[in-house]
Amino acid sequence: MYVLGIETSCDETGVAIYHSKQGLVKHLLYSQVDMHADYGGVVPELASRDHIRKLVPLIKQALQESGLKSADINGIAYTAGPGLMGALLVGAATARSLAWAWQIPAVAVHHMEGHLLAPMLEENPPTFPFVALLISGGHTLLVRVDGIGRYQLLGESLDDAAGEAFDKTAKMLGLGYPGGPRLSALAEQGKPAFKFPRPMTDRPGLDFSFSGLKTFALNTYQTSEKTAQDQADIAAAFQLAVAETLSIKCKRALQQTGLNSLVVAGGVSANKQIRAALTEMAAKEQASIHFPRLEFCTDNGAMIAYAGCQRLLAGQQQDLTVFARPRWPISELI
Ligand code: KG4
Ligand code: ZN
């Protein structure tokens, strides 16, 4: 079965074709980063308009470069939420219309389920059950995963998501958008000379809070001499604090669930120091750890095609309505 995957929840237009037996056939990504950079962040209306411009040409290109025709496609998977409503509607309406025209099923995919299953596209995929740490621009979730659609929320951020904290801290330091990768590049030139807190690690539980780190970074910067080295040192101390906090909570989640497999996914999982800290912790805990390849950490169509394929194989599909849900807790998925 060939499944066309469509991702348009935020600032990347992602298209992919996944085959239930052969695996990933093709994936294409168009990033809107350059367009939004002029505004210092994602402008939702511009995002929607750009998805409209790019989505259909990308679908045509994916089919052509795979040597496939529309008649070869057996199902369409699209990100239905969570995300920006206008952006989601472009993907949902396009997917639903194509599915109707091609007389094939369409399935609505939860964006975070896509992230969660992204490591399944790798050579050594995790096996159920496992603990998943999902760290993106909009979410920080610790989930116990017993199978597709069998998700138990263990912990989440009570305020800013990890990626949001990276983005806001980068903005305060004048690094612009996209904040996460820029702050991370700057951190490599600094030493964690300033001591940052490890929020909510001094009490039991698996919830997170990252908004205080951003305020801490601002106060530290304002009381420093504001040199370029201070800036890099603050970036390094901030990044270390996030990496260690995530590591402490994941260790706790593994111990609490008694599981020995950890999946880490979402845009922030592209961060080298966070990958290293979690890998070291997992080794000490004798747990296996699974990340997607770097290009599948951030938003992409491949993870949506994969997740949709699993749901179509399980017999799920949506009716003819265009389904988009900007807020959609993963715990409501079945
Ligand atoms: O998963 P994603 O592409 O989109 C959402 O679902 O939100 O994640 C985007 C987030 C942004 O906050 C971005 O700054 C962050 O991931 N990010 C990073 C890195 N690459 C992307 N954060 C830290 N270090 C990185 N290397
Ligand atoms: Zn995402």
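This passage describes a sheet of strands, the helices that pack on it and a zinc site in a predicted model.

The sheet is open and consists of 5 strands in the order β3-β2-β1-β4-β5, with mixed pairing. Strands β3 (23–31) and β5 (106–110) stand at its edges, where each has a single partner strand, so that one side of each is left without a neighbour in the sheet. On average, and with direction ignored, neighbouring strands of this sheet are turned by 20° against each other.

The mixed character of the pairing can be followed from strand to strand. Strand β1 (residues 2–7) pairs with strand β2 (residues 12–19) in the antiparallel sense over 6 bridges, and the two strands form a hairpin with 4 residues between them. Within this pair, isoleucine 6 has valine 15 of β2 as its bridge partner. Strands β1 and β4 (residues 75–81), by contrast, run parallel and are joined by 4 bridges, with glycine 5 finding its bridge partner in alanine 77 of β4. Strands β4 and β5 also run parallel and are joined by 5 bridges; here the bridge partner of alanine 77 is valine 107 in β5.

Helix α3 (residues 85–102) packs on the sheet and touches β1, β4 and β5, and its direction makes about 160° with that of β4. Helix α2 (residues 44–66) lies across β1, β2 and β3, running at about 25° to β2.

Strand β1 is touched by helix α3 and crossed by helix α2, and the burial of its residues can be considered alongside these contacts. In a regular strand, the side chains alternate between the two faces of the sheet. In β1, both faces are covered, with Tyr2, Leu4 and Ile6 buried on one side and Val3, Gly5 and Glu7 buried on the other. Accordingly, 6 of the 6 residues of this strand are buried.

The zinc ion (ligand 2) has His111 (NE2), His115 (NE2) and Asp299 (OD) as its protein donors, which lie 2.0 to 2.1 Å from the ion. Along the chain, these donors follow the spacing H-x3-H-x183-D. Histidine 111 and histidine 115 both belong to helix α4 (residues 111–117), and because they are 4 residues apart in this helix, about one helical turn separates them. Histidine 111 counts as buried because its relative accessibility is 6%, which lies under the 20% limit for a buried residue. Histidine 115, at 0% relative accessibility, likewise counts as buried.

Technical notes: Residues are numbered from 1 along each chain as its sequence is written. Chains are lettered from A and ligands numbered from 1 in the order in which they are written. This is a predicted model: local features need pLDDT of at least 70, side-chain atom pairs count only at pLDDT 80 or more; totals for chains, interfaces and linings use all residues. Side-chain values use heavy atoms; hydrogens and water are left out. Buried means under 20% relative accessible area, exposed over 50%, partly exposed in between (1.4 Å probe, protein chains only). Two strands pair if DSSP finds at least two bridges between them. Axes are lines fitted to C-alpha atoms, for helices over the stretch in contact, and angles run from 0 to 180 degrees between N-to-C directions. Contact means heavy atoms within 4.5 Å. Donors are N, O and S atoms within 2.8 Å of the metal (3.2 Å for Na, K and Ca); water is not among the atoms, so sites may look incomplete.
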